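Me: I have a model open and want to go through a few local features, then the empty spaces. Can you take my questions as they come?

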Amino acid sequence: MYQLIKQLLFKFPPESIHHSVMRGIKLLHGLPLGKTILNAGFNTKTTGLEKELWGLTFRNPVGLAAGFDKDARYTDELASLGFGFVEIGTVTPLPQPGNDQPRLFRLPADKALINRMGFNNEGAVAAAKRLLKRRSNIIIGGNIGKNKVTPNEEAVSDYEKCFHALFDVVDYFVVNVSSPNTPNLRALQEKEPLKQLLHHLQLLNQQKSKPKPILLKIAPDLTTEQLDDIIEIVQETRLAGIVATNTTISREGLQTPAAEVAAIGAGGLSGLPVKDKSTAVIRYIHERAGGQIPIIAAGGIFTAADAREKLDAGASLVQVYTGFIYEGPAIVKNICKGLLKG
């Protein structure tokens, strides 16, 4: 059914139809029987898939990656679609409009998206206020970044502001230094600036009576030497884990005509083309760190087989985004059923 609906949805601009569909789901969820209908259709029993990690109990290992619900508008509705956890953001200290539209593009031939959103969001305080009002107990991750106008030399302050604003309303944090759509952001993945940033956040974290897990989100385009540095820094700063991976800046091996891809321009590529890159990064980190660093996998997960591949490579949890767009609201139910079958 969704494959037929998708043909209609894909006739509309990606960003506008995203908001329209989610507003529709929110409206349905708010009706007297709406939540019951959504739960009956998509929220399957997942006994046997529970995961204990960082003192948190995930009802199933399938989460929604950051970027989909940037401003924490739909966490209750997403809980009714069966997600085991939702990562909101990326949020920044100050609201910002992001890059000029159009900034989100579909590549159906590749089951992929290209985005250059630019951390468009209403700010960390606005997201925190919405999370205070949520009714579901779904696990929430807070993905934090810096404002576009903030120079890298002052980036630590932006991450600190987001940390304080969200601390009481999220279950874990993800430090995003790997988006390709904020100028010079990926430079923060270099060893010294990254070490400084993570040490500072962990210092703030340890001053809390109940510290929260802090993870690092990395790009799929890092060299093995850079990955070795990441592993060393994560271990040195006692981070809770890694999210692997963000979108790629590569355009290799696409089925979409090169002229069409070139016309789209800059942005991060997600979906099926990043699947193998992401898995390779996960496997490398898992083996190199001796399985001591928990990993949340993201990148090219559409089916239970894709999720199993990531888990077998060393991931503890998985996240979908592009797969959600292409497979529809039953994706969590389908992946969980597949994982239960083994």
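Me: What is Lys195 in contact with, leaving aside its neighbours within four places in sequence?
Reply: Lys195 is in contact with Ile233, Glu236 and Thr237 once those neighbours are set aside. Bear in mind that this is a predicted model.

Me: Which helix does Lys195 lie in?
Reply: Helix H7, which covers residues 191-206.

Me: Does Lys195 count as buried or exposed, and why?
Reply: Lys195 counts as buried, because its relative accessibility is 15% and the cut-off for buried is under 20%.

Me: And the protein overall, what share of residues counts as buried?
Reply: 57% of the 342 residues count as buried. The protein exposes about 14900 Å², and 55% of that area is supplied by carbon and sulfur atoms.

Me: How many helices and strands are there?
Reply: The protein has 13 helices and 13 strands. Its radius of gyration is 19 Å, close to the 20 Å from the globule rule for 342 residues, so the protein is as compact as a globular protein of that length. Along the principal axes, the C-alpha atoms fill a box of roughly 50 × 50 × 40 Å.

Me: What about contacts over long sequence distances?
Reply: Among contacts with a separation of 6 or more, 73% come from residues 24 or more positions apart.

Me: Pockets next. How much space lies in the largest pocket?
Reply: About 890 Å³. The largest pocket is lined by 41 residues, and Ile17, His18, Val21, Met22 and Phe68 are the closest to its centre.

Me: Which element supplies the largest share of that lining?
Reply: H2, with 9 residues. H2 spans 14-30. Elements that supply at least two residues each also include helix H1 (2-9), helix H3 (34-42), strand E5 (104-107) and helix H12 (322-327).

Me: How does the lining of the largest pocket split by class?
Reply: There are 25 nonpolar, 7 polar and 9 charged residues in the lining of the largest pocket.

Me: Same questions for the second largest pocket.
Reply: The second largest pocket holds about 530 Å³ of space. Its lining has 26 residues, with Thr75, Asp76, Glu77, Arg135 and Ser136 closest to the centre. By class, that lining has 6 nonpolar, 9 polar and 11 charged residues.

Me: Where does the lining of the second largest pocket come from?
Reply: H2, H3, helix H4 (75-80) and helix H5 (124-132) each supply at least two residues. The largest share comes from H4, with 5 residues.

Me: How many cavities of 30 Å³ or more are there?
Reply: The count is 1. The largest cavity has a volume of about 460 Å³. Of the 33 residues lining the largest cavity, Ala66, Asn115, Asn246, Thr247 and Tyr321 lie nearest its centre.

Me: Which elements give two or more residues to the lining of the largest cavity?
Reply: Strand E6 (112-115), strand E11 (268-271), strand E13 (317-320) and H12. E11 gives the most, with 3 residues. H12 also supplies at least two residues of the lining of the largest pocket.

Me: Last one: what classes of residue line the largest cavity?
Reply: The lining of the largest cavity divides into 14 nonpolar, 17 polar and 2 charged residues.

Note on methods. Residues numbered from 1 in each chain as written. Predicted model: local features only at pLDDT ≥ 70, side-chain atom pairs only at ≥ 80, totals over all residues. Heavy atoms only, no water. 1 Å grid on protein atoms, 1.4 Å probe; cavity = no way out; pocket = protein on both sides within 12 Å on 5 of 7 lines; lining within 4 Å. Points joined across faces, edges and corners; volume = space filled by probe spheres on them. Helix = DSSP H or I, 4+ residues; strand = E, 2+ residues; numbered from the N terminus. Nonpolar A, V, L, I, M, F, W, Y, C, P; charged D, E, K, R; others polar. Buried < 20%, exposed > 50% of the residue type's maximum accessible area, 1.4 Å probe, protein only. Contact = heavy atoms within 4.5 Å. Rg over C-alpha atoms; globule rule 2.2 N^0.38 Å. Areas by Shrake-Rupley, 256 points an atom, 1.4 Å probe, with all protein chains shown as cover.
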